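This report is for a reader who is new to the structure. Please look over the sequence and the model before reading on.

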Amino acid sequence: MNTFSSFTNMFLLLCSLALLLSNLTEAEYLSYTFHPSSLLSSASHSICDSSSSKGRGPSSLLVSHRHGPCSPLESEMASIPTQEEILKHDKERVESIRQRVRPKMVEVDRVKQKAMLQKALGLPAKSGLTLGIGNYIVTVGLGTPKKDLSLAFDTGSDLTWTQCTPCGSCYRQAEPIFNPTQSSTYSNITCSSELCSAVAAATSASPACSSSTCIYGIQYGDKSITLGYFAKDTLTLGTGGAFVPNFYFGCGEYNQGLYGVSAGILGLGRNKFSAVSQTASTYGNYFSYCLPSSPSSTGHLTFGQGALLSKAINYTSLLTSSANPTFYFVDFQGISVGGRRLAISPTVFSRGGTIIDSGTVITRLPPDAYTALKGAFSAAMVKYPQSPPKSILDTCYDFSNYTVVSVPKVSLWFGGGASLDLPPTGILYGSDISQLCLAFVGNSDAGDMGTIGNVQQQTFDVVYDVSGAKLGFGAGGCN
């Protein structure tokens with residue numbers, strides 16, 4: 001054999017070895033191997049690990065799961081919903097968003113007449129969990145001196161509100177109900193103020209008044225209501241005591257719906273009365289959060305850039321919709337399974353648009369996109385036995401006889417090259433290893449709006465640069 005031939009053979013052998021090693025490395029990278037019990041979202045957690053709450057800055061709030069040991073709402077631990085109930089309420093929330101994109105102002109003449117309100121509105125029988133308020137809680141201070149209130153934060157809501165005395169009709173909450181007469185910085189907004197007309201316009205209704213005082217009223221998609229005075233007071237954010245004077249909010253005296261024992265909602269939507277807009281002069285219309293994957297751990301909700309300046313964040317564009325001004329639309333473009341990009345045209349996602357929402361649990365996809373994802377995922381999971389569907393989830397597996405399982409990696413792709421590389425907890429969802437399901441749902445209509453749910457957002461820094469029209473993702477956000 002001549003020298004040239006030997007060199008050629010050696011070169012081909014080295015190429016073959018390199019290709020083999022490359023394929024082995026790729027195979028390791030493109031799948032997860034883990035104990036299936038590590039994914040059980042409703043596993044028993046009795047001890048709170050709040051280490052992730054440290055070092056976020058003075059404008060950072062601790063985020064806890066409502067039903068976990070880190071929650072300030074201890075009484076909620078006695079009424080943990082089943083996953084079937086969670087998924088049922090999640091379906092109702094998504095349908096509510098589609099049917100009534102933003103809350104509707106409740107038109108009233110006199111706020112003090114409970115009987116008239118009950119007759120006119122038909123107080124709700126359904127759970128307020130359709131608002132997504134059953135998920136994540138933060139504690140803020142309101143008034144001077146401040147009173148701590150545990151509020152559910154929601155990127156799909158705008159106006160912040162809490163229950164106030166005197167209550168014409170209030171549900172039971174964990175903390176004492178806010179008493180505006182005990183705050184030296186509280187004041188109502190008058191009917192003659194332009195702000196009264198502005199809050200009505202923000203919720204698509206005519207202004208309402210009682211004794212020259214502006215009344216707000218919101219009726220959500222499931223007919224849950226909050227009704228009371230439109231007011232302002234000092235808001236306090238974080239342990240560092242970041243003050244927001246003249247913060248506009250709803251002081252609710254009539255509140256109906258199963259809101260749990262939280263004190264109300266912290267609205268993080270896009271209109272002028274959201275907490276994001278009202279703190280923009282200080283924090284630059286910029287906020288981020290990390291949602292913990294376990295009920296026994298914590299995350300953060302932070303206003304301003306803070307510690308994110310030193311972190312690696314991948315950005316995509318934030319889009320807007322004149323028909324849906326509250327929500328944060330994203331340029332969702334594709335999905336990969338096991339490292340292979342699925343053959344889905346970006347127009348499949350753009351037809352109905354896609355929002356990212358802190359209150360929706362499970363990600364919704366256009367039907368064609370879900371069919372492609374389900375097909376690719378099922379092909380990679382063919383060696384595992386399937387189990388029956390779980391509520392809205394139709395691709396489920398029984399891992400009872402497996403100590404470890406291997407699951408293909410799933411990534412969501414966005415305009416600008418940003419990706420969300422999901423951990424196992426963002427791919428499979430369940431409370432029993434005999435029924436762990438693909439954590440995605442297909443829409444029934446190609447024109448329905450898609451949603452990036454909070455299961456897929458867990459453990460990431462999710463960054464909203466509203467002024468810059470950018471949305472970012474950073475790994476290890478709760479660490």
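The sections below cover the model as a whole, two groups of strands, and the nonpolar cores.

## Model and confidence

This is a predicted model, in which local features need pLDDT of at least 70, side-chain atom pairs count only at pLDDT 80 or more, and totals for chains, interfaces and linings use all residues. Residues are numbered from 1 along each chain as its sequence is written, and side-chain values use heavy atoms, with hydrogens and water left out.

The predictor's confidence in each residue is the pLDDT, from 0 to 100. Its mean for the protein is 81, and 79% of the residues reach 70 or more. Residues 3-29 stay under 50, and the model gives this stretch three contacts beyond four places in sequence; a contact means heavy atoms within 4.5 Å. Residues 101-134 also have pLDDT below 50, with 99 contacts in the model beyond near neighbours in sequence. Where pLDDT is low, the predicted coordinates should not be read in detail.

## Overall make-up

The protein has nine helices and 31 strands. These are DSSP runs numbered from the N terminus: helices are H or I with at least four residues, strands are E with at least two. Of the 479 residues, 55% count as buried, that is, under 20% relative accessible area with a 1.4 Å probe and protein chains only.

The exposed area is about 19900 Å², of which carbon and sulfur atoms supply 54%; the method is Shrake-Rupley with a 1.4 Å probe. Among contacts between residues at least 6 apart in sequence, 73% join residues at least 24 apart.

## Strand S10 and its partners

Strand S10 covers residues 225-237, and 12 of its 13 residues are buried. Two strands are said to pair if DSSP finds at least two bridges between them. S10 and strand S11 (residues 242-256) pair in the antiparallel sense over 12 bridges, with Tyr229 opposite Cys251. Strand S9 (residues 213-219) is joined to S10 by five bridges, also antiparallel, and there Gln219 stands opposite Ile225.

Two bridges link S10 with strand S4 (residues 136-142), again antiparallel; Gly141 has Thr236 as its bridge partner. Strand S7 (residues 187-188) is antiparallel to S10 over two bridges, and Asn188 is partnered with Ala231.

## A four-stranded open sheet

Four strands form an open sheet in the order S18-S17-S24-S25, with antiparallel pairing. Strand S18 (340-341) and strand S25 (419-421) are the edges; each has a single partner strand, so one side of each lacks a neighbour in the sheet. Strand S24 (residues 410-414) pairs with S25 over three bridges, one partnership being Trp413 with Ser419.

Helix H8 (residues 367-380) packs on this sheet and touches strand S17 (332-337) and S24. The direction of H8 makes about 15° with that of S17, where axes are lines fitted to C-alpha atoms, for helices over the stretch in contact, and angles run from 0 to 180 degrees between N-to-C directions.

## Nonpolar cores

A nonpolar core is a set of buried Ala, Val, Leu, Ile, Met, Phe, Trp, Tyr and Cys residues joined through side-chain atoms within 4.5 Å. The largest has 80 residues, and Phe153, Phe287, Leu301 and Ile335 touch the most other members. S11 gives the most to this core, with six residues.

Beyond four places in sequence, Phe153 is in contact with residues including Val63, Tyr136, Leu266, Leu301 and Ser358. Another core, of 16 residues, lies apart from the largest one; among its members are Trp161, Cys196, Tyr216 and Ile218.

Key
Buried < 20%, exposed > 50% of the residue type's maximum accessible area, 1.4 Å probe, protein only.
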